[in-house]
Each structure stands twice: as C-alpha cells, then as structure tokens.
Amino acid sequence: MERRSDPDPQSLLEHSARVRALARALVLDPNEALDIEQTTWRRVLESGRSTFSAAWIAAVVRNVARSRWREGARRSEREQRVATEHLPGASPAEILEREEQRRRLVEHVLALGEPWRTTLVLHYLEERPLREVADLMDAPFETVRARVKRGLELLRERLRRESGPDWAMALLNGLRLETESAGASLAAGGVLAMGTAAKLAVAAALGVLALVLLLRSRASEPAHPEQLEVESAHSARTVLEDESRSSAALPAERFAAPDVQGVAPSLAPDVTPAATGVQLRVLWERDRSPAAEIWVELRTSGDPAPDLQRRRALTDALGQVRFDAVAPGRVRAKTDRGAQFVGELRPGESLEGELLLRDGFSVRGEVVDEHERAVAGAEIWLETDTLVGDGFAVAHTDSRGRFELSALSPDQSSLIGARAPGRAPSAQHILFGGDARVVDLRLVLRAPGDALSVNVVDTFGAPVAGAVACLGEPSWRGSLSKLDDSRQMPPPALTARADAAGRIEFQGVGFGEQPLCVRAPDLAPWQRTVTIGRETSVRVVLEPAVSLRGEVLDADGAPVAGARVAVGPLGEFMEVATLSARDGSFTLRGLAGGSFRANLRAEGVGSAQAQFYAAPGEQLEWRVQLPRGGVIRGRVVAPGLALDELAVVKTTLRGITFEQVSAKLDAEGRFRFEGCEDVDVELTVERSGGLTPLLRQRAVRPSDEELVLALDPATLPSARLRGRVVDERGEPLLDVEVSPYSPLIPHSPIEEVDPQSGRFDLGPFAPGQWGLVVSARGRPALRIPLRTLAAGELVELGDVVVTAGGTLAVALRGLLDTSGAPVRVELDPLDGQFASNFEGPGPLVRSPQLAPGRYEARASTPNAASTTQTVEIVGGSESVLELELTPAAPWSATLVDANSKALDGWVSWTAVNRERAVLARGFESVRGGLLRSASALPAGEIEIALQMQALGLVGVARLPADLGARAAAVPVTMR
C-alpha cells in the first residue's frame, strides 16, 4: 500500500488568506463562508498531496461552495413543495379582493401623466426594448431610461397615498406572488398571451412589482456600495446594465451566482462600515425649479476605494436623485454641468443637499465622419474636469447627426467630444461661454476604430467582478504647444466596470498603442500598453494588493484630519489616494508590490514623502509627524481694480504635474498660505473670468517677510483685435468661430463672429504676443501668426480670407501588406499653418480638408514606417503622394541631467537618418526619466535631437543600426 505524504504546513499557510477571501466572496453569510473554508481544508488534507497550487485549491473552494448551494437549493425546493401542498385554496372573497386591487392598479397607470404613462405601457405592456421605445417616442435612450424609473416612482407614490405604509404587502397578497424569481421574470418583460384589458392590468402590476423587488433587494443589500457604473452603452458595454437605472447599490447576488467560477475577494460584504443614504436635489439657480435628467456623480471617503466606487444616476422630474447604501464619511457630489456639493455623512444618519445650476450657455452641434456624412446615434461626451478626465455621456445624435446641450457652466471650461462604435473618437472641443449664449459646434469622427475585450481574473483564475479598467491617456496630457488647433484636446480615456464574469468590452477606440490600466479594491493594480487593431482581447491577472496603514500628526503630536495620502501619478487613474480620518488614521488599499513612493499633503500643515518596498499582499505601516510648515503671506496692490475680483494662486511643480491652491484677498488686499514646503513655488494674481494672469512671481519660498505684489497698470488687459472673416469673393462666411491664442494661456476661448457682416471684436487682452485661429464650416482652419500687442493697442486685421481646402491621398507601397492595416499619416506644415494628422486603413489613406500649402508627410503602421516627403496641397483638388514602407519599431530613451538625475517633463524631438533627412518629429512626456515614443522608426543609423524647453535642456540620442537593439532604452544626458 502506497504511503500518503504529509502536507507541508508552510504551503497551507501561504494559501489560507486566499481561501478565506474566496469563500467570503462566493457566499454572503459569514457562517456559511466559514463552513466552506473548513470543508475545503478537510478535502485538501484528505487528498494525499504534499504541495498545492493556487489554481487547484481555488477549484476545491468553488466545488465545495457549489455542492453546498445545490444541497441548499434541493432542501428549499422540498420545503416549499411540502408547504404548497398544504396551502388552502383561495376563497371567493379573496379572489374578489385581488381582482379589485388589479382594477385599481390599471386606474393608477392610466392616471399617470405623460410621458410616463406612454413609456410604461410601451415598455411593459407592448414588450418593447427601451431602445425601441426611445425610437418610437423620438427621445434619447438615457431620457427613456429616466422616464421608466420616474414613472415607477410616481406609481409608487400614488399607491402609497391610497394604501398607506402597507401598500407593498397588500400588493404582494393581492397579486399572489409566489417567489422572487417568478416576479423577476415578469418584471424582465415576459408576458403571457392575454386580452387587452388583462395586459393593462399586468402592465400596472409589473410597475409595482419592480418597486416591490427593489425594496426587497434594498432590505437584503450588503454593506458595500455600488462601484463604478457603466457610463456608455457604446463605449464600454457590460451585462450588468440595469434598465431602470436605479441609483441604489446593486445587491451582491448580481455578482455572486452559484454557476460563476468565483468572484473577487474585494467584494466581500464586510469591508465598509454601516451604510446609509444620500438624497440630493438639482435646481435651477434662476427660479429654484427642478433640473431633470441631469447626471449626478457621488463619491464618499468611507468607501475602501472612493475613486473606484463612485456612483452615477440621473435626476428625476423633480430634480431628485437618491443614493442608498452609502458608507459614512465625507461625501462629494457633482453634476455633469460642474455644480458640486460637499457634506459629511454620519453613521446611521441620512444626508440631504442641493446643487444649483446656472443657465450658462447652450451648444447646438452635429457629428459627421471624414466624408461629411452625418453620424446617427453617436454619443456626446461632456467633461468639466480636465485633470481627472472623467466625462459624462449626456446626449446622442439624431438621424441627422444633430444634438443639443444646455446649461453649460459659464465659470469654467467645458470639453465636448463624440464617440461611435467602429470609429475612432473625435477630438474634444474646449468651450468657454457666458450667460444666454449659443455656440454652434461640429464634431468630426475622422478615422475608423476598433474594439477591445478585457478579461480580468485573480491569481486563482477566478473572475474579478467589479474591476475597473481605463483605456487611453488622460485628455489633459494632450499637447497644445504647436497651437495647430488650440480649441481642441485629445479624446478622454474610457473607463468601464467588469461584469460578473470579469469581462469588459470597449467600443469606439482609435487604432494604435493605448495604455490599459485595471484596478479593483484590495487587489494590486495592473497596467501595460495594448495595440488597438492588432490585439482584440487581453487577459489581466490581478495579484494580491499591498496596504499602507498609518496616522498623521502635526508638529505638536495632535491628529491631522483630511490629510491626503497618495501613491501614483497625481490625478490619474493609477493614483491610489485617501484622506486621513478625524483621529489622523488612514489606510491605502490596492497598492502594487515592489518599490513605490507615498506622498502626504495636509493643507495648512505640511507635507511628507517616503519610499517603500513590499511583497504582494504585505501590510505596511507609516506613522508621520509633520514638521511645522512655512508661511507665504503678502499684499496685492491693484490700483483701479476691485480686490474682491482678484485671487492669488500658489502653484507647486511636481515633475510634469502640479498642485494649485488659491487664496482670496481681504479688504486690504492681503493673502496667506500656511503649511508650505520649503521649495520654490510660483504666485500669480488672477482676475475672475480673465484669460491670463495679471502678475507672476516665480521662485517664492516660505518667509517671515510680507510680499508686495504690485500690479503695473501698463500690463493690465487693454489690447484688442478686430477684423472680418470672408471667403475668396469677399463675402461673409456662415458658422465661423475665432479663437485668440497666446503663449501666456494653455488653451483658447471660442468667440463669436457676427453672421451678417462676418465682423469680430476681441479683447481686452494683456500686452504680449497674440494670434488668431479662424474656423469656418466646410473649410480648413486658418491660423494668423502671433504678433506683439502693446498696452491699449487696437489692431485692425481687415478681411481675413478663409479659402477652400484640398485633400491628400497617400498610397502605400513596399514589401509589407497594408491591406486593412491601421495607418497613421503625420503632417508637418512648412507654411506656418496646421499639422492635421489623420488615420485610416491601408493601402490608400485619404485626408480630411487641409489648408493649402506645403507639408512634410510621413506614414507609419505599428511595425513599419516611411521616410518623410514634401507635398503641395492645392485648394479644391486632391494631391496624391506615394510612400514606401519599410520595417520599423518603437524606440525609447532614458533622460537624465548632468548630475545623472532622472528628468520629468515634456520633450520635443526630431529624428534624422545619415543623410540628415527628417524621419519623424514628436512631442511627448517623460516620466521618471523614461521616454517611450509611440512613433516607429525604420532600421538604420538614426540621430534624435531632443529638447526640454521648460528646463532649457537639449540632448542627442543615437539609435544603433540593429533594429532589435531598440528594445533597450538609449541613455541620453540632457545639458
């Protein structure tokens, strides 16, 4: 008889935490999870194995859970069958009472006002999907979803007024609901063959039944809140889409089903404190009337990962939205129009608040493709926070590609872009507006796109439900330094949440390399670059996370509340951040193993940094006592200006990111910043609504001395630009936008042109260099070069002629097959106009309208590139250019200064071959000294000239002729 080997105790200990987490994730009952854990270890010990793999133990856990569920299901079925056999039949009085309740339900449904009555009847009675209902009612899909939700709420209120607090139980008894599953199948739209009157009764019953089931689910919800809701039906589709768009937290049963092969340990129900609710109202500031169908996003510091567990919902007809199962803590809510609310939610209490919307300005727009054809059903994305890059899908285009938006914030920039399946997204237009103003906008989907599927699992191979993925760069990283179109920024990154099987599907993504990042609470983050068009699916394995716990104390040893502790790039998806509690304690969950740097910032107290190293799953401690921070104080002297319109902004640079803090002036013009680090900062005096700072003071450090920031009247905005926009015949053009630009501002406002005369009058501007971008519908944009404006100067530009553009057809040849492959054509203008890069499938790629003039053109695919050639674009005609592709590969470099310190910032570069012919140009970010270029370069001896203009540094990288050597980063010393 073969002797059984004894198990290795160390091997068992290594898997104990994972077994416990997986058991808790598979079932909701902690006692049941404990039984599964014990049964698992018994079967492991009985297996006769001496070593155990993670996948094998995970399979044992799932098999034990499945067996126990089946046993419980069979037991419940037997008990229910026995109980049903002994149920007495309904008496005639009970039957009459039930039919009377059904009659009243029909009356209540028919008594509802429009559009809720028609919406409920079409969806529940006629069995039509919501998208079909939206088409029939000629309304946006999100609007119809909101109407369904609001219609059910109105029906509930009518029934509550009639039946009192027992309305739900009365309906349950009257409808003879046997099980939740049966009710759920009806609520999902299943209708038996019946007459019209009976269908009306069922339609009303279905509406109430949905509410009853909602109440049941809320009563049995776990304590954790709902995580990131899918924002887009096209951009990131998951099977967790809820047709009623309820803002209540999803019950755990939606994630953990018996047939699922495990879920993420991050969904364990014991990770958050006791939950409660938040009720918000969104009102119009002008008359305090309700603002319906406005997106509201909620975050709370009480969640284990607030940045991953934000929730969104649409306001109803009363401007109300409610979030249930919200963890106590500091609550932040914002609308898609930028209005914000901040409050403190205490345990066991509810929180109410208001968000006020100003009228702002409106947008009338259309979405077209590169051939000027209308794109129906495109999503319109609105973003009011350019740092985070989180937008809202606020509208869809109609059959003519048209859309309308209202009440955009007059106090901040709004970024608007479009997405559609099978297309690359449009650029985002930056809009500044004032009250009662209408802006006409045209969004162009210039290139085809593709989809990407992501499958997220843990180290056991179990799907991670609720994991959040981010595809693409944050939009604020886009470079506007060339001012090739200062009104636009790159499209925002997409975020989406995994379904119960750990799957995410992204639609409407542009070809080429894109960063993909994935995070989940209590699991380590994951990131790498994917190539859209070449990769159609990606498998992501999330390892156990590192946690960092600690406390923050001030110089006197008192706890510091509200200190921000973070790891990762500021404001980006991969940043993990939290705030310290009242007792100064904090916990950072979801960190990756290895080496990382933690940053702590307490406003008005001080800051600290520390370097850590941890193995996956390790827990670290960090106790911080902040030194006494310095003070920067001063006084602003501004003759002729109202001090209450001014503010002083303190900017601290941190690599390629920055932190800004604003201070208002008192009646004497004084300001004060406390808890300042002993580093150089920049102070600017800014005016509300102004484009440029009124004064800059660099290299400021904490000091006991008072600064005096005196404004020179000669530097205040006083210059103006005037002119008239016409065509080649001297006639005014329609749909014209003009955008002043300057090296002094990061982006430009859009100004109006009189549609009758074509005239514009812009300003006042601060003295300095100013130029103008002129855009007319159907014509390429025109740039008027920078010119220096003196104080009080009025520049009359006269007639600004915007000519018809031409197009470029690029034909690819060579040994490589480019049929259907994604091709990017890069253009550098030689006549001072715009570099309008474009993309499309090979072997023939056509451009959109280009301004007439000479360009340098270059084509590339993920694995090939051409040399650069010059081409002339002629208005009203198409130019043809043949480019030969040769094998190429991306390149990278490590940039350090003369002291071997890694550099951060933005770098411009130009690559030339041995004959000094230009191969490519670019402008990209450097992080931790590493430059990863998205441009592929051909084989051969190549020299790359690099310049970091902000730091005044230049360097040269020489790439070896061997193409394979490009895998390693080339070292470059910048001097």
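The paragraphs below lead from the whole chain to two of its nonpolar cores and then to a single serine.

This is a predicted model, and its protein chain contains 10 helices and 58 strands. Of the 975 residues in the chain, 51% count as buried, while the accessible surface comes to about 43700 Å², with 50% of that area belonging to carbon and sulfur atoms. When contacts between residues at least 6 apart in sequence are considered, 66% of them join residues at least 24 apart.

The largest nonpolar core has 26 residues, among which Phe506, Leu516, Val518 and Leu542 touch the most other members. Several strands each supply at least two residues of this core, namely β16 (449–458), β17 (468–471), β19 (494–497), β20 (503–510), β21 (512–520), β22 (523–532) and β23 (537–542), and the largest share, 4 residues, comes from β22. Leu542 shows what such a position looks like in detail: leaving aside residues up to four places away in sequence, Leu542 touches Val456, Val457, Asp458, Thr459, Val464, Val518, Ala520, Leu523, Ala524 and Trp526. Separate from this core is a second one of 23 residues, which includes Leu548, Ala563, Val567 and Phe586.

The last stop is Ser547, which lies in strand β24, spanning residues 546–553. Ser547 counts as buried because its relative accessible area is 13%, and the cut-off for buried is under 20%. Apart from residues up to four places away in sequence, Ser547 touches Leu588, Glu618, Gln619 and Leu620.

Conventions: Residues are numbered from 1 along each chain as its sequence is written. This is a predicted model: local features need pLDDT of at least 70, side-chain atom pairs count only at pLDDT 80 or more; totals for chains, interfaces and linings use all residues. Side-chain values use heavy atoms; hydrogens and water are left out. A nonpolar core is a set of buried Ala, Val, Leu, Ile, Met, Phe, Trp, Tyr and Cys residues joined through side-chain atoms within 4.5 Å. Buried means under 20% relative accessible area, exposed over 50%, partly exposed in between (1.4 Å probe, protein chains only). Contact means heavy atoms within 4.5 Å. Accessible areas come from the Shrake-Rupley method with a 1.4 Å probe; for residues, only the protein chains shown count as cover.
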